[in-house]
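Biologist: I am a first-year student, and I would like us to take a close look at one part of this model. Please go slowly and explain each term as it comes up.

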Amino acid sequence: MKKVLFFMPDNPLKKNAGNRTRALSMLDYFKSRNFEIDFVSEYYTGQWNASDIQAFEQSGLANKTYVIKKKPSKKNILFYLLFYKLPNFFYQNKAWFFPLNFPELVTLRFKRAFKKILESKDYDYIFINYASWATLVEDNPLAKKPVKIIDTHDFITAQLQRKVNIGSSFKEEIRRISLFDIALAISVEEQYIFSQFCKNKVALAPMMLDKPENRHSTEEKPFDLIYVASDNIHNQKSATWFFNKVYPLLPGNIHICVIGQINKHLSVKAPNIIAVNFAEDLSTYYQKAKVALCPMLTGTGTKIKVVEALSYGLPVVCNTRGIDGLIDKTNNGCLVSDDPVQFKNNILRLLTDDATYQQEAKNAAAAFNLNYEKEQCFKNLDTVFGIV
């Protein structure tokens, strides 16, 4: 039985963001291939509590669970300053005079704890999520033997381009990804960029989702539009654009279901807008909707909400950023425009022209089946990891 040490700073069972869904699908992959999985996370980053840890341990996703605090308690302030704050300052700022302009989230305390876990077992694989945590394997002799894999999730330099020196940040991001034997890119754009500069193997590992059991539900669809979005700066800008520029152009009888923490930032309240702050299971909502929205103006990486909608055979109306990361850019079930009037026209076209709707729904389902259906993606990962 192969053994993998799997690090993810967030709690994958909190299904309120695409990155957690991504990690959950990777854990499912290793479990389906009969790996022995030891899971490691960071207490504060993942906002863990005792009940969360217990729920994860009982989920069967891992054989052993480690939730480690990257910093000690402040009860003994002298101990905290002398044995954590000061040493960690020099550790995280070792390039203080030559700033990396790239996030370093690993603390000296956490790295030592991670090393102790590596000492406890001979792992075949070390799997790290995010380049910002990549230094967990750096300068660690115990990390030389296992196959080291990083799931990049996103092109971090592009996310930080207005805050950092792009050249320095990109150089450091490539250096960190190159610490690994295999780098997984979630989008074709990121695979292309990383493969141009990294000397290791860069493989495409798109978002992987189960094919819904009731994709073609014939029940009545009370929602004309469904919009799923978490609370981040990109979604905030995009929601503002949609509700200020597009929504006023739509007929007042179009019912929109908005799901997620983005509801806190809606600029419009109206009887035809149904707000759901959190949904444990989105399937019911997708099955009751006709068209999915993805108004995205900024951001990088694949938009998970788009792949989710495609899995249900829902046509998607989006901006150019909405198809970022998709393997197929055309005939994929998405109608794309950055112009508010055309965006509105795309929505009305799908809601009023049945022939167009059926064709785009067919395209959506086909794109999902070919590129993102979980079992198909698992077979592709077998090739990446050399599993026969």
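Which hand does the β-α-β unit made by β8, helix α8 (residues 233-246) and β9 have, right-handed or left-handed?

Modeller: This is a predicted model, in which local features need pLDDT of at least 70 and side-chain atom pairs count only at pLDDT 80 or more, while totals for chains, interfaces and linings use all residues. Residues are numbered from 1 along each chain as its sequence is written, and side-chain values use heavy atoms, with hydrogens and water left out.

The unit that β8, helix α8 (residues 233-246) and β9 make is right-handed. A crossover has this name if, with the strands pointing away from the viewer, the path from the first strand over the helix to the second runs clockwise. The helices (H or I, at least four residues) and strands (E, at least two) are DSSP runs, numbered from the N terminus.

Let us begin with strand β8 (residues 223-228), which is largely enclosed by the rest of the structure because 6 of its 6 residues are buried. Here buried means under 20% relative accessible area, exposed means over 50%, and partly exposed lies in between, with a 1.4 Å probe and protein chains only. Two strands pair if DSSP finds at least two bridges between them, and β8 is joined by 4 bridges to strand β9 (residues 256-259), the two running parallel. Within this pairing, isoleucine 226 stands opposite cysteine 257 of β9. β8 is also joined to β11 by 4 bridges, again in a parallel arrangement, and there phenylalanine 223 has alanine 289 of β11 as its bridge partner.

From β11 we can move to a neighbouring helix, since β11 (289-294) is among the elements that cover the buried residues of α12, together with others including α10 (304-311) and α13 (374-385). Helix α12 (residues 354-371) has 18 residues and reaches 26 Å from its first C-alpha to its last, close to the 26 Å expected, where the expected span is 1.5 Å times one less than the number of residues. Its buried residues include Tyr357, Ala364 and Phe368. At its N-terminal end, α12 is capped by aspartate 353, which has a side-chain oxygen 3.1 Å from the backbone nitrogen of alanine 355. That counts as a polar contact, a pair of N or O atoms within 3.5 Å; within protein, one must be able to donate a hydrogen and the other to accept it, and residues adjacent in sequence count only if both atoms are side-chain atoms.

The last step is to see how these pieces fit among the nonpolar cores, each being a set of buried Ala, Val, Leu, Ile, Met, Phe, Trp, Tyr and Cys residues joined through side-chain atoms within 4.5 Å. The largest nonpolar core has 68 residues, and Phe6, Phe30 and Phe385 are among those with the most contacts inside it. Helix α1 (residues 18-32) gives the most to this core, with 6 residues. Leaving aside its neighbours within four places in sequence, phenylalanine 30 is in contact (heavy atoms within 4.5 Å) with residues including Val4, Phe35 and Phe127. Apart from this core lies another, of 57 residues, among them Phe223, Ile259, Ala289 and Ala364. Phe223, which we met as the bridge partner of alanine 289, and Ala364, one of the buried residues of α12, are thus both members of that core of 57 residues.
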